[in-house]
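Hello,

Here is the structure I promised to pass on. Have a look, and my notes follow underneath.

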Amino acid sequence: MIRLCDDLVRHHGGSAARAVLAAYVARPVLGWLKAPQPPSAHRALLSGTAQLTLLLGMMCADDGADALAQHYYLTAAGMAREAQDGATLAIGLRTLAAQAHELGHRTPAVRALARHAADLAAQHAPAAARCYTLALVAVVEAGHDPRAARRALSAGERHLDGAPDGDGPFGSYAAASFQYQRGQTFAALKETAQATAAFSAALRMRGPDELLARALTCARIAETLLRDGHLERSLSHWGQFLDLAQHLQSGRVRRQSGVMTALLRPYGAHAGAAELLRRARQ
């Protein structure tokens, strides 16, 4: 179920299977948790339920249901703690910090939470999860402590190189995802060329069926270029974003479309920008 729902999100967006997964967790899974069983079996089931709940939170966040996503993340973290599953707990705390940062909360508490997730991963998680948590540390530190951000990127890259291919979304971390986080870090550091190169590398690494990641990456390339004054170069990437967006059910994609509209509106007299604005309205 974890692999199936993860595939649905990557191919179609968070709205696609959110209700199905919520019903699955609420009925059979919670029923299994209440059934008599040996402590070791209960902990294993609790750990798996925590991962399902994290995935459900990610679907809600992608769909724009931010309060519900936070509720699921906190619930999953509690389950992982009860199951004594330090790796899943680290991932849960990382998702909480990432959501807060994406929503604009650039506070010391969010930075501390990201670092705590990385510390937990260093103690309890395999290389892939260590890289996953360190990549976020780099992103959240970039606007406050550039040296700490670069150290986290370097450490994450070392773990990525040593991480074997795992099984499913909680056992692996794609190199494309790490490149995307590198792009976010360099964008926050105002290093446009490196940010664009990292986002472009992430896009090349994505499979043709990873529509959500491809759409968001195209948007980030376009946004980075446009904010640095490269209108013409940004337009083709905005066009690719819109081509992909029409196949997705995703709140993040809808929000990114709004960002595109706001950024291009001052260039409405430009023929290419005007065409993209027309497509976005449709």
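To start with one residue: does Phe-199 count as buried or exposed? With a relative accessibility of 0%, Phe-199 counts as buried (buried is under 20% relative accessible area, exposed over 50%, partly exposed in between, with a 1.4 Å probe and protein chains only).

Before going on, a word on the source: this is a predicted model, where local features need pLDDT of at least 70 and side-chain atom pairs count only at pLDDT 80 or more, while totals for chains, interfaces and linings use all residues. Residues are numbered from 1 along each chain as its sequence is written, and side-chain values use heavy atoms, leaving out hydrogens and water.

Phe-199 sits in helix 10 (residues 192-205); helices are DSSP runs of H or I, at least four residues, numbered from the N terminus. Leaving aside neighbours within four places in sequence, its contacts (heavy atoms within 4.5 Å) include Gln-179, Tyr-180, Thr-217 and Ile-221. Thr-217 is 18 residues away along the chain, with 6.3 Å between the two C-alpha atoms.

The largest nonpolar core (buried Ala, Val, Leu, Ile, Met, Phe, Trp, Tyr and Cys residues joined through side-chain atoms within 4.5 Å) has 90 residues. Tyr-173, Trp-238, Phe-241 and Leu-264 have the most contacts inside it. Among the residues that Tyr-173 touches, not counting those up to four places away in sequence, are Arg-94, Cys-131, Leu-160 and Phe-178.

Finally, helix 3 (residues 39-63) has 25 residues, and just after it Gly-64 takes a positive phi of about 90°.

Best wishes

Technical notes:
Helices (H or I, at least four residues) and strands (E, at least two) are DSSP runs, numbered from the N terminus. The expected span of a helix is 1.5 Å times one less than its number of residues.
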